[in-house]
Amino acid sequence: MVAPRTIALDAMGGDHGPTVVVEGASISLTRHPAMEFIFFGDERAIAAELEKFPDLAARSRTLHTDSVIAMDAKPGHAMRRGKGSSMWLSIEAVKKGDAHVAVSAGNTGALMAMSKLILRPMAAIERPAIAALWPTVHSECIVLDVGANIGADARQLADFALMGAAMARVLFHIENPTVGLLNVGVEEVKGDEVVRQAHTWLKQTSGLPLDYRGFIEGDQIGQGSVDVVVVEGFAGNIALKTAEGTARQISQYLKDAMTRTWLSKLGAVLARGGFKVLRQKMDPRRVNGGTFLGLNGIAIKSHGGTDALGFASAVDLGYEMAQTGLIERLAADLDTFHHRIDQSAAE
């Protein structure tokens, strides 16, 4: 029997607030009936949406707050004024043990800052990372960091590799996920000193539950060459936004091409089954949700402008992450790895 998992939801986060959050939770509940929910936000607005979904309402409770973090709030301002907000309370529920995971579509910078303050980084972790699912020609891979940090040193990149591998074991159900370090080339001499040092350390991961494959280039991400791609946050965020923009560009190209002449329109009708599969594969809602890794608790960031289907994907991700002893296993892996590289540095 699957153990129940409680999800804390920032009902006021994102561009659409309770309208999307509540419906998204309802969709996710149909996929994972063992879930229970705590909604944080405007009780009246949440109740109005819950009336539409009686099954969800029966497995939910609401804690009221008038305080909401604006989508354009600066992280520093959010930290000074955010205590007691719907975002703060959802993260705090994880800290207190009232929930297994928090999900918010709110301000990314504020969510990361609050998560670090409330949940605290794991021992020996200097910087948590945001890990995102990335569609590939095979299925998905995990890319981190995609924007939590600007820059990273070699030890942090190595830590990202272990974090990503731990997430891959949970989501992909493989014991030794393959890991690659994003670089400007695959040759050992390529890249700056930080990347090369991280590469040297990651070659010492034998015996740990990951399979380090060395350097990979950007075009290999979508090919699914590895299960986990490690990159510092500045480049990772640019890569993510570029991929999203390219997907929209290709979609527009196809739409224009298929409506140009009557013959192309006929071809589009005949190929609509294939286009449907392509549209589903490229739908960003299917892989919505970034996980904050390296904290003593699980927090998921949903895209602020997503709809209910997209938010449901973020809730699904949170549920799957909460189903295993991710944090405990990762802590043990990090301890073993740090001991090795400290010994190596001392020699």
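Colleague: Happy to look at this with you! Which residue meets Glu49 in a salt bridge?

Modeller: Glad to help, and please keep in mind that this is a predicted model. The two side chains meet with N to O at 3.0 Å. That falls within the 4 Å allowed for a salt bridge. The partner of Glu49 is Lys52.

Colleague: Is Glu49 buried or exposed?

Modeller: The relative accessibility of Glu49 is 13%. Buried means under 20%, so Glu49 counts as buried. Its partner Lys52, at 53%, counts as exposed. For Glu49, then, the word is buried.

Colleague: How many salt bridges does a search of the whole structure find?

Modeller: The pair of Glu49 and Lys52 is a salt bridge, and so is the pair of Arg286 and Glu140. Lys203 and Glu188 form a salt bridge as well. Over the whole structure, the search gives a total of nine.

Colleague: Let's turn to Arg286 and Glu140. How many residues apart in sequence are the parts that this pair ties together?

Modeller: The closest N and O atoms of Arg286 and Glu140 are 2.5 Å apart. Arg286 lies in the loop between α11 (272-282) and β10 (290-293), while Glu140 is in strand β6 (residues 140-144). The pair therefore ties together parts whose separation in sequence is 146 residues.

Colleague: How does Glu140 count, buried or partly exposed?

Modeller: Arg286 has 35% relative accessibility and counts as partly exposed. For Glu140 the relative accessible area is 21%. The buried class is for values under 20%, so Glu140 is partly exposed.

Colleague: And where does Glu188, the partner of Lys203, lie?

Modeller: Lys203 and Glu188 have their closest N and O atoms 3.5 Å apart. This pair links distant parts of the chain, 15 residues apart, with Lys203 in the loop between α8 (193-202) and β8 (211-216). Lys203 is partly exposed at 46%, and Glu188 is partly exposed at 48%. Glu188 itself lies in the loop between β7 (178-182) and α8.

Colleague: Now for the spaces inside. Which elements give two or more residues to the lining of the largest cavity?

Modeller: The structure holds two cavities of 30 Å³ or more, and the largest has a volume of about 60 Å³. Residues lining the largest cavity include Thr291, Phe292, Leu293, Leu326, Ile327 and Leu330. The elements that give two or more residues to this lining are β10 and α13 (326-346).

Colleague: How many charged residues are in the lining of the second largest cavity?

Modeller: The second largest cavity has a volume of about 50 Å³. Among the residues lining the second largest cavity are Gly13, Asp15, His16, His303 and Phe311. By class, this lining has four nonpolar and seven polar residues, and its charged residues number one.

Colleague: Last one! Which elements give two or more residues to the lining of the second largest pocket?

Modeller: About 380 Å³ of space lies in the second largest pocket. Of the 22 residues that line this pocket, Leu182, Asn183, Val231, Glu232 and Ala235 are the closest to its centre. The lining divides into 13 nonpolar, six polar and three charged residues. Two or more residues each come from β7, α8 and α9 (233-258).

Definitions and conventions:
Residues numbered from 1 in each chain as written. Predicted model: local features only at pLDDT ≥ 70, side-chain atom pairs only at ≥ 80, totals over all residues. Heavy atoms only, no water. Buried < 20%, exposed > 50% of the residue type's maximum accessible area, 1.4 Å probe, protein only. Helix = DSSP H or I, 4+ residues; strand = E, 2+ residues; numbered from the N terminus. 1 Å grid on protein atoms, 1.4 Å probe; cavity = no way out; pocket = protein on both sides within 12 Å on 5 of 7 lines; lining within 4 Å. Points joined across faces, edges and corners; volume = space filled by probe spheres on them. Nonpolar A, V, L, I, M, F, W, Y, C, P; charged D, E, K, R; others polar.
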